Protein chains: 2
Amino acid sequence: MQQDLKHTLSLLERTPATLNAWLRDLPDAWTRENEGENTWSAYDVVGHLIHGERTDWMARAKRILEFGETRPFEPFDRLAQNRKSQSKTLPELLDEFTRLRAKNLDELRVLSLRPEDMERRGQHPALGTVTLAELLATWAAHDLTHLHQISRIMAHQYRQAVGPWSKFLGVLQCAGHSS
Amino acid sequence: MQQDLKHTLSLLERTPATLNAWLRDLPDAWTRENEGENTWSAYDVVGHLIHGERTDWMARAKRILEFGETRPFEPFDRLAQNRKSQSKTLPELLDEFTRLRAKNLDELRVLSLRPEDMERRGQHPALGTVTLAELLATWAAHDLTHLHQISRIMAHQYRQAVGPWSKFLGVLQCAGHSS
């Protein structure tokens, strides 16, 4: 399907509550473990989502609307959470993500974007020309990439424990493409 | 890590609320669409999880405790939801899953399993000898497999809409191994 602002919003607005139901107060054995060296834990993923709310999605949407293709987006720092989350608890990160996402979606709604705005163009530093519709669709699909990743990280903790069932469990066949 | 009953329970008890936060009242464009012929929608996945609660996990745990390896498990019907979910709404299925999961976890807690029970053995019709610990770990990892699948099914709906970003989105590279 085409990007549809109502559909995009319906998905984006549910992610904080989904992560909250899934991860809050879950033992560290699930949320602080990763898939091996240089991979992320669920805790790291929430920090990454916070950084996206602060610096990526709405900043890029506004740049498209203000400057079009004349000013490329700032590159996104995929590892910023390693510096910024330190010393925060997972419940604190979940609260911060919830607050920032709600604020960003309020800002997005206030823009009252029309269908023709969706075709407005910006410059991505690596991908070149992109549209506002593509940016908004990617914001939603990026949430899904990281929900997908969290399920894989947590399943990895039981990789040995499931014994012979491992071959029936699709998540254990996933090749780590979204780390 | 080894299967740990507290860790397993902490994960199993959160899945209904996670699915509820994620899927309830989400537009059908996200929940009723699949990845193509002979694949599942998020709606189908919830029906499959319900069938597991009714016929698989606790039934197999009880069989191990009552009969050990002398009576193999019944095979699990992976397509039962196609017959059984018909005419139910997704909110109805979410409510049913929530109720059945809570009931099963109550039954599991009442068993007051000791560490030595975890090594008790059963016969899987395809996999041969399995332990109770492996069964319980698989119950949790099976939830994660289907959360992983739902994120992939939903991301697929925006596969075209994200434009050039598709190569950066891990979930769009996932090869459908958990369908």
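Two rings of Phe, Tyr or Trp count as an aromatic pair if their centres lie within 6.5 Å, with the six-membered ring used for Trp. By that criterion, a search of the whole structure, which is a predicted model, finds four aromatic pairs over all chains. Two of these pairs, both in chain A, are described below, followed by the α5 helix of chain A, the contact between the α2 helices, and the surroundings of B:C174.

**Aromatic pairs in chain A**

- A:W30 and A:Y158 form an edge-to-face pair, with 4.8 Å from centre to centre and 70 degrees between the planes.
- This pair joins distant parts of the chain: A:W30 belongs to helix α3 (residues 28–31) of chain A, A:Y158 to the segment after α8 (132–157) of chain A, and the two are 128 residues apart.
- A:W30 and A:Y158 are both buried.
- A:W57 and A:W139 form a stacked pair, with a centre-to-centre distance of 6.2 Å and an angle of 5 degrees between the planes.
- Here too distant parts of the chain are linked, since A:W57 is in helix α5 (residues 57–67) of chain A and A:W139 is in helix α8 of chain A, 82 residues apart.
- A:W57 has a relative accessible area of 6% and is therefore buried.
- A:W139 is also buried, because its relative accessible area is 1%, against a cut-off of under 20%.

**Helix α5 of chain A and its surroundings**

- The buried residues of α5(A) are A:W57, A:M58, A:R60, A:A61, A:R63, A:I64 and A:L65.
- The elements that cover these buried residues include α4 (42–55), α7, β1 (121–124), β2 (128–131) and α8 of chain A.
- Just after α5(A), A:G68 adopts a positive phi of about 55 degrees.
- A:N104, in helix α7 (residues 90–110) of chain A, has a relative accessible area of 4% and so counts as buried.
- Leaving aside residues up to four places away in sequence, A:N104 touches A:E53, A:M58 and A:W139.

**Arginines over aromatic rings**

- The charged end of A:R71 is placed over the ring of A:F67, at 4.5 Å from the ring centre.
- In chain B, B:R32 lies over the face of B:Y43, 3.6 Å from the centre of the ring.

**Contact between the α2 helices**

- The axes of helix α2 (residues 15–23) of chain A and helix α2 (residues 15–23) of chain B come within 8 Å and cross at roughly 180 degrees.
- Angles over 145 degrees count as roughly antiparallel, so α2(A) is roughly antiparallel to α2(B).
- The residues that meet are A:A17, A:T18, A:A21 and A:W22 in α2(A) and B:A17, B:T18, B:A21 and B:W22 in α2(B).
- By class, this contact of α2(A) with α2(B) has six nonpolar residues, two polar residues and no charged residues.

**Surroundings of B:C174**

- B:C174 is in the segment after α8 (132–156) of chain B.
- With a relative accessible area of 8%, B:C174 is buried.
- Not counting residues up to four places away in sequence, B:C174 touches A:H148, A:C174 and A:H177 in chain A, and B:H148 and B:R152 in chain B.
- B:C174 and B:Q149 are 25 residues apart along the chain, and their C-alpha atoms are separated by 9.4 Å.

Methods: Residues numbered from 1 in each chain as written. Chains lettered and ligands numbered in written order. Predicted model: local features only at pLDDT ≥ 70, side-chain atom pairs only at ≥ 80, totals over all residues. Heavy atoms only, no water. Helix = DSSP H or I, 4+ residues; strand = E, 2+ residues; numbered from the N terminus. Buried < 20%, exposed > 50% of the residue type's maximum accessible area, 1.4 Å probe, protein only. Contact = heavy atoms within 4.5 Å. Phe/Tyr/Trp six-rings, centres within 6.5 Å; stacked < 30°, edge-to-face > 60°. Lys NZ or Arg CZ within 6 Å of the ring centre and 35° of its normal. Axes fitted to C-alpha atoms, helices over the stretch in contact; angles between N-to-C directions. Parallel < 35°, antiparallel > 145°, perpendicular 65-115°, else oblique. Nonpolar A, V, L, I, M, F, W, Y, C, P; charged D, E, K, R; others polar.
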